[in-house]
Amino acid sequence: MSEPVVPRTVLVTGGASGIGRGVAEAFAAAGERVVIADLDEARARAAAMEIGAHHVQVDVGDAASVEAAVAAVVAAHGTIDVLVNNAGHTAGGGPLIGLDVDVFDSCARVNFRGTFLMTRAVGAHMVERGVRGCMVNISSIGARQPTPGLGHYEATKAAIDALTRSAGIELAAHGIRVNGVAPGPVLTPMTAMFATDDAARKAWESRIPLGSIAQVADIVPAVLFLASDGARHITGVSLQVDGGQLLA
Ligand SMILES: NC(=O)c1ccc[n+]([C@@H]2O[C@H](COP(=O)([O-])OP(=O)(O)OC[C@H]3O[C@@H](n4cnc5c(N)ncnc54)[C@H](O)[C@@H]3O)[C@@H](O)[C@H]2O)c1
């Protein structure tokens, strides 16, 4: 990919691991100025050093932490042009009727509240500075297709899809686009059990028409595309990248 004429500042939440790290690395390789924003500062620093990026510590579920992190990035780099709302977790799992309320709250706090808080802070910054930027929210096909035991997590992803549409329509007049990428299962630390639990891996693979669980590299190009000028007429969508799982 050719170097951008003017590098954009790209903020990737949860960029110290998994999909976020892959996204951060790809933007950095494309010549953009990348800031990894993660709860785990040590891993964020290490990842940033490895890929030639910057880092900032943030807890996306905490409003004061989000405001401070966004202010620090703006002070250091002038503007935030691309926000990738990627930080997320399941926090646990189990049938809804037995789910620990703390698991529900933790999942909702990071995924739903975190996406809202980051969208609020960075959106306000973009509008105030006249930045015609974009956001890409990492959802999940679970928002549209249930897997027993992940109901709490999937509800947060459906909420993220709703935020994508709402932010998309509210920010369109400012030239700001908001889209989502909805992966099926991806091999990352979050799904580490696929490496050790052969039966679980086979059960997930059997649901995927294209036959394999995604690698991070299968997800990254969709994020870069939605953040590119080639997607200038696209806003409010959640693009599934799932090997056809939603067709099955
Ligand atoms: N792995 C999959 O199968 C899969 C499938 C669909 C969607 N997703 C979504 O992709 C995103 C990334 O998942 P992953 O598999 O790469 O996970 P991961 O566990 O490898 O990485 C998640 C990162 O988010 C960070 N994080 C967690 N809580 C945070 C907080 N409060 N504030 C800031 N950072 C925080 C972690 O420190 C970690 O670096 C998540 O939103 C996840 O829901 C993953």
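This is a tour of the ligand site, the pockets and the cavity in a predicted model.

**Stop 1: the ligand**

Select the ligand and show the residues around it. There are 27 of them, and S17, D38, N86, Y153 and T188 come nearest. Colour this shell by class and it divides into 14 nonpolar, 10 polar and 3 charged residues.

Next, look at the oxygen atoms of the ligand. Select the side chain of D38: one of its N or O atoms is 2.6 Å from a ligand oxygen. Move to Y153, where a polar side-chain atom lies 2.5 Å from an oxygen atom of the ligand. Then show the backbone of V186, because the contact here is made by a backbone N or O atom rather than by a side chain, at 2.8 Å from a ligand oxygen, within the 3.5 Å limit for a polar contact.

Now switch on a surface. The ligand taken alone exposes 840 Å², and the protein buries 92% of that. To see which elements surround the ligand, select helices α1 (18–29) and α5 (151–171); these are the elements that give two or more residues to its shell.

**Stop 2: the largest pocket**

Hide the ligand and keep the surface. The space where the ligand sits is the largest pocket, and it holds about 1000 Å³. Its lining is made up of 49 residues; select G88, H89, T90, Y153 and M190 to find those nearest the centre. Y153 was also among the residues that come nearest to the ligand.

Select α1, β2 (33–38), α4, α5 and α6 (193–196) for the elements that give two or more residues to this lining. By class, the lining has 21 nonpolar, 21 polar and 7 charged residues.

**Stop 3: the second largest pocket**

Select R8, E32, A227, S228 and D229. These residues lie nearest the centre of the second largest pocket, which is lined by 21 residues. The volume of this pocket is about 420 Å³. Colouring its lining by class gives 10 nonpolar, 4 polar and 7 charged residues.

**Stop 4: the cavity**

Finish inside the protein. The structure holds 1 cavity of 30 Å³ or more, with a volume of about 30 Å³. Select T13, V60, N85, N86, A87, V110, G114, T115 and M118 to show its lining. N86 is also one of the residues that come nearest to the ligand.

Which helix gives the most to this lining? Select α4 (residues 101–129), which supplies 4 residues. Coloured by class, the cavity lining shows 4 nonpolar and 5 polar residues, and no charged ones.

Definitions and conventions:
Residues are numbered from 1 along each chain as its sequence is written. This is a predicted model: local features need pLDDT of at least 70, side-chain atom pairs count only at pLDDT 80 or more; totals for chains, interfaces and linings use all residues. Side-chain values use heavy atoms; hydrogens and water are left out. On a 1 Å grid over the protein atoms alone, a cavity is a set of points where a 1.4 Å probe fits but cannot get out, and a pocket is an open set with protein on both sides within 12 Å along at least five of seven lines; lining residues have an atom within 4 Å of a point. Grid points are joined across faces, edges and corners, and a volume is the space filled by probe spheres set on the points. Ala, Val, Leu, Ile, Met, Phe, Trp, Tyr, Cys and Pro count as nonpolar, Asp, Glu, Lys and Arg as charged, and the others, Gly among them, as polar. A residue is near a molecule or strand if one of its heavy atoms lies within 4 Å of it. A polar contact is a pair of N or O atoms within 3.5 Å; within protein, one must be able to donate a hydrogen and the other to accept it, and residues adjacent in sequence count only if both atoms are side-chain atoms. Accessible areas come from the Shrake-Rupley method with a 1.4 Å probe; for residues, only the protein chains shown count as cover. A molecule sits in a cavity or pocket if more than half of its atoms lie within 2 Å of its grid points.
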